[in-house]
Amino acid sequence: MREDRTTPKDSGRSQEILQKLFFKFRESLIMESYGILRDLYEAEDVVQETFIILWEKGHLDRVKPAAYISYLYCAVRNNSLSRQRVVQNNQRKKDRFSETAPQFEHKNYAEVWEIRKRINEAVQTLPEQRRWAFIKSHLDRKTYREVGLEMGLNMETVRSHVKIALKTLRELLGNLK
């Protein structure tokens, strides 16, 4: 019989322990995360995701019962810092985009549509895998890892496809201002 990969071997005991820890320390773990993220909803998500990962991967089975609490706080703190880095990187990208993006005055809609048409045509000239990697990562806003899983490619391969696609699009559309 095949085991479900998302369920630990001793799932009953682990699930019971995690439930008790979750209900007992949830609020204080959220406050720990909130201290880093300064966003209550993000903090709640981080705590929830931390418990899900602990249950799915069975990490708590390798921790001594006396160290459960410190392990939980450390895991939540690390996941909060990771989330903070992602949020900051996304904000930096948005700021950089807004600084460098051309500012259109929508007085001439025909010109805007012509530019969109040229961009779409340029994207369509890309090889299929490169085009899909670019579309999924930039237009669908998926991570390279998510795109790689969808396309059956390594994350680094997706990154390479997107990098080359951007270079090609810059060359093709360089005269757009």
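Which residues does His-161 touch, not counting residues up to four places away in sequence? The legends below start with the whole predicted model and then move in to a few close-up views, with His-161 among them.

**Figure 1. The whole chain is built from helices and has no strands.** Welcome to this predicted model, a good place to get your bearings. The protein chain has 177 residues, and its secondary structure consists of 7 helices and 0 strands. Following the sequence from start to end, you meet the pattern α-α-α-α-α-α-α. Buried residues account for 28% of the chain. Of the contacts with a separation of 6 or more, 62% join residues that are 24 or more positions apart.

**Figure 2. The predictor's confidence varies along the chain.** The mean pLDDT of the protein chain is 86, and 89% of its residues reach 70 or more. Helix α2, covering residues 40-57, has the highest confidence, with a mean of 93. Helix α4, covering residues 109-124, has the lowest, with a mean of 85. Over residues 1-8 the pLDDT falls below 50. Beyond near neighbours in sequence, that stretch has 7 contacts in the model.

**Figure 3. His-161 sits in helix α7 and is buried.** Here we return to the opening question. Helix α7 spans residues 155-173, and His-161 is found within this helix. The relative accessible area of His-161 is 14%, so this residue counts as buried. Leaving out residues up to four places away in sequence, the residues it touches are Gln-129, Arg-130, Ala-133 and Leu-153. For one of these partners, Gln-129, the separation along the chain is 32 residues, while the C-alpha atoms of His-161 and Gln-129 are 7.6 Å apart.

**Figure 4. Phe-22, Phe-23 and Phe-51 form one aromatic cluster.** The structure holds 2 aromatic pairs. In one pair, the ring centres of Phe-22 and Phe-23 are 5.4 Å apart and the ring planes meet at 75°, so the arrangement is edge-to-face. These two sequence neighbours have contrasting surroundings: is each of them buried or exposed? Phe-22 counts as buried, at 15% relative accessibility, whereas Phe-23 counts as exposed, at 63%.

**Figure 5. The pair of Phe-22 and Phe-51 links helix α1 with helix α2.** This view stays with the aromatic cluster and turns to its other pair. The centres of the Phe-22 and Phe-51 rings are 5.1 Å apart and their planes lie at 85°, so this pair is edge-to-face. Phe-22 belongs to helix α1 and Phe-51 to helix α2, so the pair ties together parts that are 29 residues apart in sequence. Both Phe-22 and Phe-51 are buried.

**Figure 6. A search of the whole structure finds 1 cavity of 30 Å³ or more.** The volume of this cavity is about 60 Å³. Its lining has 11 residues, and the closest to the cavity centre are Ser-14, Leu-18, Leu-54, Leu-60 and Asp-61. Which elements give two or more residues to the lining? They are α1, residues 11-37, and α2. The largest share, 4 residues, comes from α1. By residue type, the lining divides into 7 nonpolar, 2 polar and 2 charged residues.

**Figure 7. Arg-38 has a positive phi in the loop between α1 and α2.** Most residues other than glycine have a negative phi. Arg-38 is not a glycine, and yet its phi is positive, at about 60°. The loop that holds Arg-38 lies between α1 and α2. With a relative accessible area of 58%, Arg-38 is exposed.

**Figure 8. Arg-141 also has a positive phi, in the loop between α5 and α6.** What is the phi of Arg-141? The angle is positive, at about 55°, although Arg-141 is not a glycine. On one side of its loop is α5, residues 128-139, and on the other is α6, residues 144-151. Arg-141 is exposed, with a relative accessible area of 71%.

Note on methods
Residues numbered from 1 in each chain as written. Predicted model: local features only at pLDDT ≥ 70, side-chain atom pairs only at ≥ 80, totals over all residues. Heavy atoms only, no water. pLDDT = per-residue confidence, 0-100. Contact = heavy atoms within 4.5 Å. Buried < 20%, exposed > 50% of the residue type's maximum accessible area, 1.4 Å probe, protein only. 1 Å grid on protein atoms, 1.4 Å probe; cavity = no way out; pocket = protein on both sides within 12 Å on 5 of 7 lines; lining within 4 Å. Points joined across faces, edges and corners; volume = space filled by probe spheres on them. Nonpolar A, V, L, I, M, F, W, Y, C, P; charged D, E, K, R; others polar. Phe/Tyr/Trp six-rings, centres within 6.5 Å; stacked < 30°, edge-to-face > 60°.
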